[in-house]
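Here is a model to question. Each answer sets a value against its definition.

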Amino acid sequence: MREFVYYSKSAVTAGNLIKDDLKKAGRMDIVCNVIISAFFTSNAMRNDVRFHLIFDGAPNAPRHLVLESNEEMPISKKNVAGLIKRMLYKSPDSEGLLEVFPGASIERKSFEKVVKELDGERATRGIPSKLGTSNEVPPSSGNVLLLDGKGKDLRELELRGNEVFIIGDHEGFPKDKGKFLKRIDKISVGPKVLFASQVITILHNEVDRKE
Ligand SMILES: C[S@@+](CC[C@H](N)C(=O)[O-])C[C@H]1O[C@@H](n2cnc3c(N)ncnc32)[C@H](O)[C@@H]1O
């Protein structure tokens, strides 16, 4: 399973705030682009993707949405925003993922908690934990990777296709996430600052080539 986490400080957290102008919904246009890059190739849908979205915008932050490859997921390239909007309308205001459509779940959960849980899941499968479960955690070299232009070159890594790739929105990550993100290994896909959607395409391509 290829797993991605996309964090957005501005993406809105209420369905009624998603209207025709997606930019005004905390750059929901970018959210749609990353989802399309994560799930669609030219003529097919990928069947091995789990995509976490953390929205930290007004008025109900945080929201954790999960989209997972599923033939019955009601998604189309033309109306990704419609799916997000419907998910937000149905969101519980508590922790515990609620599947609101096939392959589409949502809950209230912070970015830090989602990432720690993903890291913990990997630790239980014998991959060293990077973040631990307490606040005082040592850095280590697990499979959770932060996409950052200053990170280690992707081509120096042996990707196994089971990594969790963490990607920021158009503004990257806010300063208050710095301390938490410091513990995570950083990787770069190349010398230019790219759109998050382009980064996802490159990551998929690297893993595709190794399969
Ligand atoms: C449009 S960029 C964010 C630009 C923002 N001004 C910043 O400096 O962080 C969106 C996200 O894509 C990822 N990204 C962009 N270019 C990258 C690169 N060359 N290598 C790795 N990740 C990259 C980062 O996770 C970044 O937060």
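Q: What makes strand 6 stand out in the shell around the ligand?
A: Strand 6 gives the most residues to that shell, namely 3. Strands here are DSSP runs of E, at least two residues long, and helices are runs of H or I, at least four, both numbered from the N terminus. This is a predicted model: local features need pLDDT of at least 70, side-chain atom pairs count only at pLDDT 80 or more, and totals for chains, interfaces and linings use all residues. Residues are numbered from 1 along each chain as its sequence is written.

Q: Which residues surround the ligand most closely?
A: Of the 17 residues around the ligand, the closest are Leu-147, Gly-168, Gly-172, Ser-188 and Leu-194. To count as near, a residue needs its C-beta atom, placed from the backbone, within 6 Å of the molecule. Strand 6 (144–153), strand 7 (164–168) and helix 5 (196–210) each give two or more residues to the shell.

Q: How many helices and strands does the protein chain have?
A: The protein chain has 5 helices and 8 strands. From the N terminus they run β-α-β-β-α-β-β-α-β-β-α-β-α.

Q: Why is the protein chain called as compact as a globular protein of its length?
A: Its radius of gyration, taken over C-alpha atoms, is 16 Å. The globule rule (2.2 Å times the number of residues to the power 0.38) gives 17 Å for 211 residues. The two values are close, so the chain is as compact as a globular protein of that length.
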